[in-house]
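Got a minute to go through a fold together? Here it is.

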Amino acid sequence: MVAGALAKTLCSFIFDTVKCEAGKDNGFGRSYIWAGSLESGIQIATNHKKPVMVIIHKSWCTACKKLKPKFAGSIDLQNLSKHFVMINLVDEEEPASSAFAPDGNYIPRIIFLSPEGSVDHDIYNEDGSSQHKYFYSKPEQIVKSMRKILEKYKHEQFDA
């Protein structure tokens, strides 16, 4: 209850010029501020010059279920998430665009977008499979990619 009120307050403060829909955590953690949709998240990102993390997963997926508590409990991910627009898309919310499935439709996939809202295919799990570059199973792998994208766009002025 308190986390939801805090998220709404932060959402209205951070995203004051953009219609903000509070997104569901879908098991990935209530400590994060989730955009309500892919479209609203991209709009927020472009207005506030923040990169985007998009988690694409399915409610029935075993690998997704294993990642959720690790993601939810990671202090490093929570701290870095403040510099991102966070989007998590479950089941039928998965985008139809092939840009969000650059090397296949496996799940879970984590795709990063530039502050302009373009999929950045240069940011992927360098410690993972070469056949499934956007599959992450550990928070440390995600943290590494988050740091890489922040470094890549460091010339951008991110809103806090």
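Below are a few questions and answers on this predicted model.

Q: Over which residues does pLDDT stay under 50?
A: Across the chain the mean pLDDT is 87, and 83% of residues reach 70 or more. Where pLDDT is low, the predicted coordinates shouldn't be read in detail. The stretch that stays under 50 is residues 1–20.

Q: Which strands stand at the edges of the sheet?
A: The sheet is open, has 3 strands with mixed pairing, and runs in the order E2-E1-E3. Two of its strands each have a single partner, so one side of each is left without a neighbour in the sheet. Those edge strands are E2 (85–90) and E3 (109–113).

Q: Which residue in E3 does Met-53 stand opposite?
A: Strand E1 covers residues 52–57 and pairs with E3 in the antiparallel sense, over 5 bridges. Opposite Met-53, in E3, stands Phe-112.

Q: Are Lys-58 and Glu-94 buried or exposed?
A: Their side chains meet in a salt bridge at 2.8 Å, N to O. Lys-58 sits in the loop between E1 and helix H3 (62–72), and Glu-94 in the loop between E2 and E3, 36 residues apart. Both Lys-58 and Glu-94 are buried.

Q: Which residues do salt bridges that share partners join into one network?
A: Take Asp-127 and Lys-144, whose side chains meet in a salt bridge (3.2 Å, N to O). Asp-127 lies in the loop between E3 and H5 and Lys-144 in helix H5, so the pair ties together parts 17 residues apart in sequence. The network is Glu-126, Asp-127, Lys-144 and Lys-148.

Note on methods. Residues numbered from 1 in each chain as written. Predicted model: local features only at pLDDT ≥ 70, side-chain atom pairs only at ≥ 80, totals over all residues. Heavy atoms only, no water. Pairing = 2+ DSSP bridges. Helix = DSSP H or I, 4+ residues; strand = E, 2+ residues; numbered from the N terminus. pLDDT = per-residue confidence, 0-100. Contact = heavy atoms within 4.5 Å. Salt bridge = Lys/Arg side-chain N within 4 Å of Asp/Glu carboxyl O. Buried < 20%, exposed > 50% of the residue type's maximum accessible area, 1.4 Å probe, protein only.
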